[in-house]
Amino acid sequence: MLGIRLSSPVVVGSGLLTDQERTIRRLLERGAGGVVTKTIHPNPPPGGGERIVRIRGGMLNSTTYSRRPVPAWCDTLRRFAHEQLPVVASVHADSPGELAALCEEIEATGCPGLELGISCINEDGFDDTPQRVGEYTAAVRQRVRLPISVKLAVDGGTRARLEAAVEAGADAITLSDTIPGLAVDPESGEPVLGGVYGYSGDGLKPLVLSEIYSLRRHGVDIPILASGGVREAADVVEYLSVGATAVQVYSALHRDMYATLRRICVGYTDWLSSRDQSTRDLVGRALRKE
């Protein structure tokens, strides 16, 4: 993943659970092949408005970026790099230039890779166009040499945004970020979070599987880090089968975080052993059978 040798293709995705150094270390100890930090932002919005609501088949969240200041994150990333831990920094900023400057700071820590978290729908006035994706990616690519994955949300325009990211210098794509979702209180008739926010969970998996499968069938060969609806080892196997390079798990970890991660990682290893297969055997096998 982004040039990082992983002990497992199971990677913990970016979110509230990856905001603290101690938690990231424990996730790696419990078997994660890598961890993506909560998104680091030079000017995060004030705290207090972030909420998570569980719904059938997943959850909605109104979260945005880490409140930890950039210097504190750089100190943490420097320690991870010194120990050669597989920790990727998720990053965003208010403009392409600000993001490029932030990435320069992070590159100086020795961090091995970046995930551009530029597609968070919880931003006010958000409109993720190919032009916007290309501008952010190009700005970072011009300033740093680190491997870059651009995180995109799956929808009808995924292919155009992916192509814009690749043209601008992306080394990989993370698919998918959260997609728009809404829950309504049946008693009051009001939106639970006050509006449309990011949905993640089981319902994303068939959409992301379909998108990756289609991209691979049409010759897209850039590494893809799959994300969406992973709850058990079989989900990891399915994503790898359609051509994912690695598989991120996040929402499922909001219940019994360490035990859930351990169950997925051990389950995946046991699945391979019981069939005398390797991860290499799985990647893209659905396409090889056509």
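**Group meeting: the nonpolar core and overall form of a predicted chain**

Let me begin with the interior. The largest nonpolar core has 78 residues, and those touching the most other members are Val-91, Leu-99, Leu-114, Leu-116 and Val-150. Helix α8, residues 257-274, supplies the largest share of this core, with eight residues. I should state at once that this is a predicted model.

Take Leu-114 as an example from that group. Leaving aside residues up to four places away in sequence, Leu-114 touches Leu-2, Val-88, Ala-89, Val-91, Cys-103, Ile-106, Val-140, Val-144, Leu-146, Pro-147, Ile-148 and Ser-149. There is also a second, separate core of nine residues, among them Met-1, Leu-2, Val-11 and Ala-246.

I turn now to the chain as a whole. DSSP runs give 10 helices and 12 strands. How does the radius of gyration compare with that of a compact globule? For 290 residues, a compact globule would have a value near 19 Å, and the chain, at 18 Å, agrees with this. The C-alpha trace spans about 50 × 50 × 40 Å along its principal axes.

Of the 290 residues, 55% are buried. If we consider contacts between residues at least 6 apart in sequence, 68% of them join residues at least 24 apart.

As to the surface, the chain exposes about 12800 Å², of which carbon and sulfur atoms supply 48%. The side chains include 32 positive and 36 negative ones, and the centres of these two sets lie 7 Å apart.

Finally, I would draw attention to some points of backbone geometry. Where is the cis peptide bond that I wish to show? It runs from Leu-175 to Ser-176, with omega near 25°. Ser-176 sits in the loop between β8 (172-175) and β9 (179-181).

Two aspartates have a positive phi. For Asp-256, phi is near 50°, a positive value in a residue other than glycine. Asp-256 belongs to the loop between β12 (246-249) and α8. Is Asp-256 buried or exposed? Asp-256 counts as exposed because its relative accessibility is 63%, the cut-off for exposed being over 50%.

Asp-276 likewise has phi near 50°, and it too is a residue other than glycine. Its position is in the loop between α8 and α9 (279-282). With a relative accessible area of 72%, Asp-276 is exposed.

To return to helix α8: this helix gives the largest nonpolar core eight of its residues, while Asp-256 lies in the loop between β12 and α8 and Asp-276 in the loop between α8 and α9. Thank you.

Note on methods: Residues are numbered from 1 along each chain as its sequence is written. This is a predicted model: local features need pLDDT of at least 70, side-chain atom pairs count only at pLDDT 80 or more; totals for chains, interfaces and linings use all residues. Side-chain values use heavy atoms; hydrogens and water are left out. A nonpolar core is a set of buried Ala, Val, Leu, Ile, Met, Phe, Trp, Tyr and Cys residues joined through side-chain atoms within 4.5 Å. Buried means under 20% relative accessible area, exposed over 50%, partly exposed in between (1.4 Å probe, protein chains only). Helices (H or I, at least four residues) and strands (E, at least two) are DSSP runs, numbered from the N terminus. Contact means heavy atoms within 4.5 Å. The radius of gyration is taken over C-alpha atoms; the globule rule is 2.2 Å times the number of residues to the power 0.38. Accessible areas come from the Shrake-Rupley method with a 1.4 Å probe; for residues, only the protein chains shown count as cover. Lys and Arg count as positive and Asp and Glu as negative; His and the chain ends are not counted. The place of a charge is taken as NZ of Lys, CZ of Arg, CG of Asp or CD of Glu.
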